[in-house]
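Take a look at the model below. The text then walks through its symmetry, its chain contacts and its DNA-facing surface.

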There are 2 protein chains.
Amino acid sequence: MNKNKDVTGEEQSGALMADVARLAGVAISTVSRALANPGRVNEKTRAKINAAARQLGYTPNAMARGLRVGKSNIIMIILPGSLYYGASQVIPQVLQSINKSLIQGGYNLMIANLDRDEISERHILDLAFGGSVRGVIILSSKLPEVDGRSLANSGLPIVSMLLDMSDAGLQSVVTNDREAVRDVTAELIRLGHRRFFYLAGPEGNYHDVERYGGVLEALEAAGLSEDSVHRSGGHLDYQHGFDIGVQAADDFAELTEKPTAVIATSDDMAISFVSRIQGAGLRIPGDLSVVSFDGSPVCEFCSPPLSTIKQPVEEMGRAAVDLLLDAIGQRQNTAAVRTVIRSSLILRESIAAPKN
Amino acid sequence: MNKNKDVTGEEQSGALMADVARLAGVAISTVSRALANPGRVNEKTRAKINAAARQLGYTPNAMARGLRVGKSNIIMIILPGSLYYGASQVIPQVLQSINKSLIQGGYNLMIANLDRDEISERHILDLAFGGSVRGVIILSSKLPEVDGRSLANSGLPIVSMLLDMSDAGLQSVVTNDREAVRDVTAELIRLGHRRFFYLAGPEGNYHDVERYGGVLEALEAAGLSEDSVHRSGGHLDYQHGFDIGVQAADDFAELTEKPTAVIATSDDMAISFVSRIQGAGLRIPGDLSVVSFDGSPVCEFCSPPLSTIKQPVEEMGRAAVDLLLDAIGQRQNTAAVRTVIRSSLILRESIAAPKN
DNA sequence: CGATTTTTGGCAAACGTTTGCTATAAATCG
DNA sequence: CGATTTATAGCAAACGTTTGCCAAAAATCG
C-alpha cells in the first residue's frame, strides 16, 4: 500500500492516513478525527490509532490538508531587497524572533524578497493569490502591486513592520523613529552642541523622513535654525550602509565650519564614518560626538563605544506575529492600529559636550 | 462561480481554473495545458485562455497543484539556532543569495530553525515528511532525527552547507576552513610570531575542530610545539560571539608569557576581544597581531582594520542551490561530493611582525 | 476522395486530506 | 424493558489542480 515501490523492506516515507486506518482497523475519517479533534473519538480507539500512526511513522500531508481546508499554515515575510543588507545587523534577530513565535502558533515562515523589479513583485503576488500563504508580514516596504493585482486585495491579513502604514489600513508595528531622534538631538543640544551633521538614508524613505523630522523638531524646540544641521548622503540605498559613511566623511572634510555632533540613521554608516574621520585625525567624542540608529551589538565594541538608538526588533517581531495571528483568528478584521514599540538610547562614550 | 460571496462587485481573489475555462469557452484541462505545457495546445486557444486568465486575475492554486503532482516547490533551509546570531554578519547574505537562486528556479524558500530541543527537530521532520518541502539546505548542523524518523530517510534531496557531511552521503558545500587557517598561521610564523592565542568556538564543533587543526598543522610544519598556542573559549555557543571575545580578553590578561598573535574563529569574537585588549592598553598590531574568520564587512572599519578570512558565502549559497536543483532534477541521486569554495585572507593592518 | 496520421480538446480519475451527514451501538430515561 | 437520547464510527463528497486516455477534427497521404 506504500506508494513508493521500494524493493527493499525499508518503510521509508510515505505512510498514508489510509495505512494508519487499516493498521488500526478503523475508517480513515476516524483517524483524521482522532489526530485532530479533541473529544470526537473514543479514548481507546484514539490510543490504537496513535500507536498505529507512530509505528508507521505517519506524517500528515500538509498540502492535502491545506487544499481541503482552504488555508495554508505558511506566513510570508517580505524583506525589502535594499534594507536587507543595511539592517543586516538586525534582520537575523527579526527572523528568528518571528519564526519562533510563528512556530508556537503552528505556522511556518516563508521568505520573500522584494526588490524594485516587476519579477519579484509578481512572484510575491503569485504566492499571495495562489493560496500558498496565510498571512503576510512586510518589512519597511509599500505593498507590491502589478497589473491589477495588489497585495492589498489578496484578502490576506497583513502586518506592516517598521514602516507605518496604518493610514492605508494596515496593522503596523513601528518604533518611535521621530521621537527617539528628537530626544537624542535635544540631549545633544543640552550638552551644548549647536552645529549638526546628519547622515541620511535613501531620500524620501520613511525612516529618513521621520528621523530627520525628529532632528528638525528638536532644533525648532531649542530655537535653532534649520541651517544648524548639514545633511549628507541620501543618494544611496541602505544596502550600502558602510559606503554612505565613507562618502559622508569626505563630505564632512569639505565643510568649512565643522559640526560638533553627528546623527547617523544607521549603525553601519556611523561605523564607517567614524573610522574615516578618525583616520583623518579627529577625536571622538573630543572633536565630534556621534550617535546612530539601530542598536547593533557591535557598537559596544567600537572605539570609542558608539551611542546608538536601539530598536527593539525582537519585541517588534513578536508583536507583529501576535497581531497577525489575531487577525487570522478573527473573521472580522479589526481596526488598523499603529503599535509603537519605543526605541531607547544606549548612551556610550561617543557623546560628550563640545570642546569650546 | 466565484467562491467568495461578496455582495460587492469586486472580483477580489479566488478565480478558479474553471472560471477561466468558462470565460475562454474551453475545457478545464485545456486551460491547464495552455498554462503549463508548451506546445500541447493551439496558439489561438492559448491566446484566448491567457486573455481570460489575465482578465480574471487568475493565479493557480499552489497547494492543489502540489497535491496532484506530489511535490511542492518549497525549499527548506535549516539554520542552527546557535550559529544564527554569531554568524549574523553573514546569514542575511546567505539567505539572500540562496533565495535569489531558488526563485530563478521557480522555488520558494522556507526557514526552519534548528535548536537543540526535540520540538524544533520534530517540527522540521514534520515539514520534511509532510510533503511540504521539496528539498533541504542545512547549515552547519547534523541532520535532525527523533523517534525513528530521520531527515536522512525523508527521501528529500539534501545539501549540507558549511559543514562537511559528504562522509554521511550528503552533498556538501564547504570552505577550506583548515587550509585557510593553516595558511594564515604559517604567514604569522613567517612574520616571526612564535606564541599564539586561539579563540575557540564551541568545543567539538566542526568549524572549531577544522580551524584549530589548521593552526596545529602550521605549527607542526614549522617545527613548533603544540604548546605554542593557547586555547581560549570553547564553552559558549557561537550565539554569544561577542561574549567569547570579552572572556578571552580576561583570559589573556592572566597569561604570564603573552602570545604575540591572535587567531579568532569568528569576527565577532575578534572585535570584542580587540576592544577589551585595547582598553587594557595594548596596541594592535604593535603588541599583538589579530586575524579572524568570516569576512564581515565591518572589519574594514575597525581600528585598526581587522584582517579576516573571508568566507565566500554568497558563492556557497549559489553552489548549494545548484547542487540541490540538480539533485531534484535527476531521479538517480548522484554521488555525494564535497564542493570546496576557497576562503581568502583579506590582509589589513591588524597584522604585523612581532616587536622584539 | 477515402484512408491514415497528427493535432487538439474533453472526460474523468486521481492526489490525501477534512467534514457533513447518516447509521449503528451504547447509554440513559421513564 | 421499550423509547429516546447520546456517543462513536463510516461513507462519500468535496478542495483545485494535473494527466492518461479517448474522441473529434484537421491535416496529410496515396
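Copies are superposed by least squares on the C-alpha atoms of residues with pLDDT of at least 70 in both. With that procedure, a rotation of 180° with 0.0 Å of shift along its axis brings chain A onto chain B, at an RMSD of 0.1 Å. That is the relation of a two-fold axis. In chain A, the residue that comes closest to the rotation axis is A:Met110, at 2.1 Å (C-alpha).

This is a predicted model: local features need pLDDT of at least 70, side-chain atom pairs count only at pLDDT 80 or more, and totals for chains, interfaces and linings use all residues. Residues are numbered from 1 along each chain as its sequence is written, while chains are lettered from A and ligands numbered from 1 in the order in which they are written.

Now the chain contacts. Two residues are in contact if their C-beta atoms, placed from the backbone, lie within 7 Å. By that rule, 49 residues of chain A touch 49 residues of chain B. H6(A), residues 91-104, gives the most to the side of chain A that touches chain B, with seven residues. Helices (H or I, at least four residues) and strands (E, at least two) are DSSP runs, numbered from the N terminus. Other elements giving two or more residues include strand E2 (108-114) and helix H7 (118-129) of chain A. This side of chain A divides into 21 nonpolar, 25 polar and three charged residues. Here Ala, Val, Leu, Ile, Met, Phe, Trp, Tyr, Cys and Pro count as nonpolar, Asp, Glu, Lys and Arg as charged, and the others, Gly among them, as polar.

Next, the DNA. Which residues are closest to DNA strand C? They are A:Met17, A:Ser29, A:Ser32, B:Ala27 and B:Ser29, out of 26 that surround the strand. A residue is near a strand if its C-beta atom, placed from the backbone, lies within 6 Å of it. Helices H2 (28-35) and H4 (62-69) of chain A, and H2 (28-35) and H4 (62-69) of chain B, each supply at least two residues of this surface. The largest share, five residues, comes from H4(A). By class, the surface has 13 nonpolar, eight polar and five charged residues.

Finally, turn to H2(A). Its buried residues (20 or more other C-beta atoms, placed from the backbone, within 10 Å of their own) are A:Thr30, A:Val31 and A:Ala34. They cover an arc of only 100° around the axis, which puts them on the same side of H2(A); the arc is that of the directions from the helix axis to the C-beta atoms. These buried residues pack against helix H1 (17-24) and helix H3 (43-56) of chain A.

Terms used. A residue is buried if 20 or more other C-beta atoms lie within 10 Å of its own, exposed if 12 or fewer, and partly exposed in between; C-beta atoms are placed from the backbone.
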